[in-house]
Amino acid sequence: MSEVIQLVDTLAVGVFAITGALAAAERRLDILGFILFGTITGIGGGTARDLLLGTDTIFWISQTRYLWVCIGASVATWFLAPMLNSLHRVLLWADAVGIALFSVLGTIKALQWGSPPVVAVVMGMMTATFGSILRDTLLNQEPVLLGPEIYVTAALLGSASYIGLQSLSFTAALAMPLAMALAFALRASAILFDLRLPKYDPQR
Amino acid sequence: MSEVIQLVDTLAVGVFAITGALAAAERRLDILGFILFGTITGIGGGTARDLLLGTDTIFWISQTRYLWVCIGASVATWFLAPMLNSLHRVLLWADAVGIALFSVLGTIKALQWGSPPVVAVVMGMMTATFGSILRDTLLNQEPVLLGPEIYVTAALLGSASYIGLQSLSFTAALAMPLAMALAFALRASAILFDLRLPKYDPQR
Amino acid sequence: MSEVIQLVDTLAVGVFAITGALAAAERRLDILGFILFGTITGIGGGTARDLLLGTDTIFWISQTRYLWVCIGASVATWFLAPMLNSLHRVLLWADAVGIALFSVLGTIKALQWGSPPVVAVVMGMMTATFGSILRDTLLNQEPVLLGPEIYVTAALLGSASYIGLQSLSFTAALAMPLAMALAFALRASAILFDLRLPKYDPQR
């Protein structure tokens, strides 16, 4: 199981690195800018999680393949991006995949380190969103937290449903893909059907 | 004494969570946005402090009531905010209370972990201001560090006067409320009388 | 050797503190704003490095002279800045010196803590640039990562060439100044001759 988790984790880092490199492409940065934003977006969420959990070492310091995945994904994006019709559409969907994977993986890691459920949910949401928040803040773009779309909600669904499924005694091998699918389904619906939560309205 | 500190600490987290939720109301975010900004603002300063001090665990990971206080305060703000005449006025004064409490509490925690006085002052200032800095940066608003008002100065007064009172051999039970009162009095005066420090002027 | 490193490290912190205080001068902040931005810029990069490396204590917590250097450099800048013809020019060159020193020092510290080479390069780049990124983000300015100039590239050259020289069995006492000189030479050329890497161009 832990090998599957490592594989999915590496995949999620690569997917987020692509979104960072695509954001760099939208801003017409140079190749080093692609690598920087790819790497920051790819490892940002997990870094914040590991720092707060107080793990022995940050994941990409003990296992350098994560850095190489970020660098490779960013360089590949540099060469492949000109063939894409819409950078933004690819960015949006890669981001949706990344959120789904990381929200559950972050929750699993927090539980492994002994976090109580509410903390594990917070860690899952943070792992899934912090890389994108860094990316958008450093790019001086409207941060995703302010957007009207259901973004953080999808991460919350991924984390919380994993905890819920586990407490219903689903095995991790079953709960993980199910929770990821739920998070992805919600995010995908939000993109396709423009779903949103009701906004604060002082007149109500 | 340590129970009093825990109580005041919980209160300060709740007060800052309210300012985060009010900032979310000003931006017309949804209920999850209220909770996110409430939580980030409520626990942001203490999280940075604990990370830098290298405490065994971050305070809200070992004691989850802090998260529940943030969530509760944010949800309550969602329902009560429409009854307020001026969100901004309440935000300003809640912030003033939070700064006064956190600047002293942060200093106390740093001293407990063996920090020298100058580090304890920095930790107090950071505990008091970092949540608001995160809130404003993520909301894309003019960060409070740039404002002309005496904001950080009040946090500095709270931290430094606690250290000063202690070295004059005041007991913690006396120095704590006194230093908090001083910090609040300075911040309140700044709000009421528009006090400010002289700005840099190259012509002087 | 370790005394030389400490000396150069203190110098680098002071140089970056000056850039932070100069940025505060450009925004006409008050004296506390000078000290805040001086300190944040001076210790920001090393703080991020130490947090991620998981050192026993953050460098400025165990050795408070770093804080005093930041405070002193900021106050000195407050008094001396009005005598400068161009704040921005001094800021630019002080920044170039700081990048050169910190990129190599950060790499050395990471290697001392057992990081593999690719991690040590990342740590060097982060030590050299994170203080400036914090400074610019908190000042609401175009972050340096987006600039067209060769900024991060110079930090990369400093880190990577130190690793390269070491693997060619240069002693640290020789590799350190050489790598710093290379990083500074690249950054200086970029400022003087407006060098830049080619930008992403979807039409190529």
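**Chains A, B and C: symmetry and contacts**

User: Which residue of chain B comes closest to the rotation axis?
Analyst: B:Leu51 does, with its C-alpha at 4.4 Å. Keep in mind that this is a predicted model.

User: What turn lays chain B on chain A?
Analyst: A turn of 120°, with a shift of 0.0 Å along the axis. The RMSD is 0.0 Å. That is how a three-fold axis relates copies.

User: And what rotation superposes chain A on chain C?
Analyst: A rotation of 120° again, with 0.0 Å of shift along its axis. The RMSD is 0.0 Å.

User: Do the copies of that pair use different surfaces or the same ones?
Analyst: Different surfaces. Of the contact residues of chain A, 9% recur in chain C.

User: Back to chain B and chain A. Why say the copies meet through different surfaces?
Analyst: Because only 9% of the interface residues of chain B are also interface residues in chain A.

User: New topic. How many residues of chain A are in contact with chain C?
Analyst: 22 residues of chain A, against 21 residues of chain C.

User: Which helices of chain A each supply at least two residues there?
Analyst: Helix 2 (31-53), helix 4 (65-80) and helix 6 (117-138) on the side of chain A that touches chain C.

User: Which helix gives the most?
Analyst: Helix 2 of chain A, with 5 residues on the side that touches chain C.

User: How do the residues on that side divide into nonpolar, polar and charged?
Analyst: On the side of chain A that touches chain C, 14 are nonpolar, 5 are polar and 3 are charged.

Methods: Residues numbered from 1 in each chain as written. Chains lettered and ligands numbered in written order. Predicted model: local features only at pLDDT ≥ 70, side-chain atom pairs only at ≥ 80, totals over all residues. Least-squares fit on C-alpha atoms with pLDDT ≥ 70 in both. Contact = placed C-beta atoms within 7 Å. Helix = DSSP H or I, 4+ residues; strand = E, 2+ residues; numbered from the N terminus. Nonpolar A, V, L, I, M, F, W, Y, C, P; charged D, E, K, R; others polar.
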